[in-house]
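Thanks for coming, everyone. I'll take one protein today and walk through its fold and its charged pairs. Please look at the screen.

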Amino acid sequence: ESDLTGTARILLVEDEDAVRTFSTRALTNKGYEVLTAEHGEAGLAVFKEQTKPLDLLITDVMMPGMDGPTLAKEIRAVVPTLKIIFVSGYTEEKLKDTLGEGIYFLPKPFTLKQLAGKVKEVLDSKN
């Protein structure tokens with residue numbers, strides 16, 4: 001059983017309440033500090049009011065209003081090295097234009113273990 005705990009600060013942006021709640025609980029239980037927002041605009045607002053740096057952005061791709069890639073671009077304009085996990089029911093192939101350095105993909109639906117494993121993999125990766 002690999003150790004999936006961590007202490008990183010994560011911003012989770014997800015418009016489906018159930019997924020957001022489940023993901024937040026899963027990551028909080030692993031020791032992470034999780035900030036949440038229910039859509040892109042809210043995610044950007046939460047990001048802007050932070051006084052401590054974030055380690056990771058987890059965002060759904062398709063959301064009403066500002067979508068995940070737009071949110072990611074806005075945040076990366078400020079923190080170019082921030083790691084990002086895009087979550088989507090779409091295939092990775094569809095998203096390859098938005099994937100790049102430090103940008104990862106987690107397909108929906110995912111289990112708690114897959115989520116925690118992906119977060120750990122991304123935070124431990126060097127690029």
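When I say contact, I mean heavy atoms within 4.5 Å. With that in hand, take the contacts with a separation of 6 or more: residues 24 or more positions apart account for 63% of them. Keep in mind that this is a predicted model.

Now the overall layout. The protein has four helices and five strands. From the N terminus, the order is β-α-β-α-β-α-β-β-α. The C-alpha atoms fill a box of roughly 40 × 35 × 30 Å along the principal axes. The radius of gyration is 13 Å, and a compact globule with 127 residues would be near 14 Å, so the two agree. Buried residues make up 48% of the 127.

Let's go inside. Which residues of helix H2 are buried? In H2, residues 40–48, they are Gly40, Ala42, Gly43, Leu44, Val46 and Phe47. The cover over them includes strand S1, strand S2 and helix H3.

Next, the aromatics. There is one aromatic pair in the structure. Its partners are Phe22 and Phe110: the ring centres are 6.1 Å apart and the planes sit at 40 degrees, so we call the pair tilted. Phe22 is in helix H1, and Phe110 is in the loop between strand S5 and helix H4, so the pair ties together parts 88 residues apart in sequence. The two rings also sit in unlike surroundings. Phe22 is partly exposed, at 31% relative accessible area. Phe110 is buried, at 11%.

On to charge. Side chains of opposite charge can pair when their charged atoms come close. How many salt bridges does a search of the whole structure find? Six. I'll show you some of them.

Start with Glu33 and Arg9. Their closest N and O atoms are 3.3 Å apart. Glu33 is in strand S2 and Arg9 in strand S1, so this salt bridge ties together parts 24 residues apart in sequence. Arg9 counts as buried, at 9% relative accessibility. Glu33 counts as partly exposed, at 33%.

Now Asp60 and Lys108. Here the closest N and O atoms are 2.9 Å apart. This pair links distant parts of the chain, with Asp60 in strand S3 and Lys108 in the loop between S5 and H4, 48 residues apart. Asp60 counts as buried, at 6% relative accessibility. The pair has company, too: Glu14, Glu16, Asp60 and Lys108 are linked in a network of salt bridges.

One more, this time within a helix. Glu121 and Lys118 meet in a salt bridge at 3.7 Å, N to O. They are three residues apart in helix H4, so about one helical turn separates them. Glu121 is partly exposed, with a relative accessible area of 43%. Lys118 counts as buried, at 16%.

Last, a lysine without a partner. Lys83 lies in strand S4, residues 83–88. Is Lys83 buried or exposed? Lys83 is buried, yet has no salt bridge. The nearest side chain of opposite charge is Asp124, 7.3 Å away. A salt bridge needs a side-chain nitrogen within 4 Å of a carboxyl oxygen, so that distance does not qualify. What does the side chain of Lys83 reach instead? The backbone oxygen of Ser125, at 2.4 Å.

That's my tour. Over to you.

Terms used:
Residues numbered from 1 in each chain as written. Predicted model: local features only at pLDDT ≥ 70, side-chain atom pairs only at ≥ 80, totals over all residues. Heavy atoms only, no water. Helix = DSSP H or I, 4+ residues; strand = E, 2+ residues; numbered from the N terminus. Buried < 20%, exposed > 50% of the residue type's maximum accessible area, 1.4 Å probe, protein only. Lys, Arg positive; Asp, Glu negative; His and termini not counted. Polar contact = N/O pair within 3.5 Å; in protein donor to acceptor, adjacent residues only side chain to side chain. Phe/Tyr/Trp six-rings, centres within 6.5 Å; stacked < 30°, edge-to-face > 60°. Rg over C-alpha atoms; globule rule 2.2 N^0.38 Å.
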